[in-house]
Amino acid sequence: MLSKKEKKLIKEMWERLTPVAEDIGSEALLRMFASYPGTKTYFSHLDISPGSAHLSSHGKKIVLAIAEGAKDISQLTVTLAPLQTLHAYQLRIDPTNFKVLLQVSFVAPLSLSLLQLLSHCMLVTLACYLGSEFTPVAHAAMDKFLSAFAAVLSEKYR
Amino acid sequence: MVAWSDQERSIITSIFSNLDYNDVGPKALIRCLIVYPWTQRYFASFGNLYNADAIKTNPNIQAHGTKILHGLDRAVKNMDDIKTTYAELSVLHSEKLHVDPDNFKLLADCLTIVIAAKMGSGFTPEIQETFQKFLAVVVSALGKQYH
């Protein structure tokens with residue numbers, strides 16, 4: 001459970017990180033792909049090489065979604081409702097014209113462990129970026145928040 | 001047997017040779033006790049762990065954190081047979097200390113965060129991958145003698 005103090009800390013931290021959403025997001029993804037190559041299988045429809053446009057835009061999307069959730073943590077289920085459906089079903093992107101075609105498939109939703117691995121890599125990215133400012137107390141609050149975020153995001157899996 | 005490339009060996013030895021064990025060890029243990037408070041159960045005899053400040057200033061935690069890093073040093077110096085190097089330690093953690101081996105990964109993750117905060121952008125994705133591979137071998141070896 002996040003205390004009032006922790007919610008405030010999380011909100012403030014993500015406000016500060018929003019301007020560098022692209023950098024933080026793409027770095028977290030790159031770290032995850034490097035350490036956990038199995039996670040790349042969920043992004044086979046994108047170009048996820050370092051510096052690619054897909055990586056930057058996807059990284060940015062992820063961080064902005066997290067930052068949005070951080071603005072009012074007690075409302076996570078409401079804020080994440082649209083994303084819940086998106087992540088419960090397989091996404092297909094037509095690479096020629098970037099159109100998102102929603103394909104209903106029960107084959108492979110983004111795995112729960114992928115969300116945990118990305119959370120871990122997000123924490124590492126924040127540690128590199130914030131240095132000593134990423135105190136144990138901030139780390140604890142962030143870890144709790146990202147766990148809650150992942151749990152709500154995966155609520156529609158079954 | 002775990003295979004290490006020359007580059008991986010050099011990354012690990014380089015990281016550890018640039019560490020102050022008296023600083024990083026305690027930092028990692030303190031972080032673990034704060035981020036994963038249930039790990040405090042193994043340190044009941046260490047005195048006051050009631051809040052973050054108490055944990056940060058506890059001299060027993062300080063000493064133990066340093067001890068842990070020196071323990072890791074033995075793995076750095078014996079990368080080709082970490083399993084044998086840690087056999088006794090594994091027995092100790094299982095039979096005497098009764099530590100749930102799931103907790104080794106938690107401490108390993110906290111150490112990764114401490115190193116990341118220290119090295120900043122120098123802790124590249126590739127270096128992170130190698131460091132985590134090393135810690136995974138350590139964690140596995142420490143759990144090997146649990147029966």
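This text goes through the interface, the nonpolar cores and the salt bridges of a predicted two-chain model.

Local features are given only where pLDDT is at least 70 and side-chain atom pairs only at pLDDT 80 or more, while totals for chains, interfaces and linings use all residues. Residues are numbered from 1 along each chain as its sequence is written, chains are lettered from A in the order in which they are written, and side-chain values use heavy atoms, with hydrogens and water left out.

The interface comes first. On the side of chain B, 20 residues are in contact with 19 residues of chain A, contact meaning heavy atoms within 4.5 Å. The two chains bury about 1600 Å² between them, and carbon and sulfur atoms give 61% of that area; buried area is the accessible area (1.4 Å probe) lost by two parts on being put together, summed over both. B:Arg31, B:Ile113 and B:Gln128 supply 31% of what chain B buries against chain A, more than any other three residues.

The rule finds zero salt bridges across this interface, where a salt bridge is a side-chain nitrogen of Lys or Arg within 4 Å of a carboxyl oxygen of Asp or Glu. Polar contacts are found there: nine residue pairs, both residues at pLDDT 80 or more. A polar contact is a pair of N or O atoms within 3.5 Å; within protein, one must be able to donate a hydrogen and the other to accept it, and residues adjacent in sequence count only if both atoms are side-chain atoms.

Four elements of chain B give two or more residues each to the side that touches chain A: α2 (21-35), α3 (52-57), α7 (102-119) and α8 (125-143). Of these, α7(B) gives the most, with six residues. Helices are DSSP runs of H or I with at least four residues, numbered from the N terminus. By type, this side of chain B has ten nonpolar, six polar and four charged residues; Ala, Val, Leu, Ile, Met, Phe, Trp, Tyr, Cys and Pro count as nonpolar, Asp, Glu, Lys and Arg as charged, and the others, Gly among them, as polar.

Next, the cores. In soluble globular proteins, nonpolar side chains tend to be buried together. A nonpolar core here is a set of buried Ala, Val, Leu, Ile, Met, Phe, Trp, Tyr and Cys residues joined through side-chain atoms within 4.5 Å. Buried means under 20% relative accessible area, exposed over 50%, and partly exposed in between (1.4 Å probe, protein chains only). The largest core has 79 residues, and those with the most contacts inside it include A:Trp14, A:Phe134, B:Phe16 and B:Phe134. Helix α5 (residues 112-130) of chain A gives the most to this core, with eleven residues. Not counting residues up to four places away in sequence, B:Phe134 touches residues including B:Trp4, B:Phe16, B:Leu72 and B:Met79. Another core of 15 residues lies apart, with B:Phe43 and B:Leu106 among them.

Over all chains, the rule gives ten salt bridges. In one of them, A:Glu133 and A:Arg16 meet at 2.7 Å, N to O. The two are 117 residues apart, A:Glu133 in the loop between α5 and α6 (136-153) and A:Arg16 in helix α1 (residues 4-17) of chain A. A:Glu133 is partly exposed at 47%, and A:Arg16 is partly exposed at 49%.

In chain B, B:Asp80 and B:Arg9 form a salt bridge at 3.1 Å, N to O. B:Asp80 lies in the loop between α4 (59-77) and α5 (82-85) and B:Arg9 in helix α1 (residues 6-17), so the pair ties together parts 71 residues apart in sequence.
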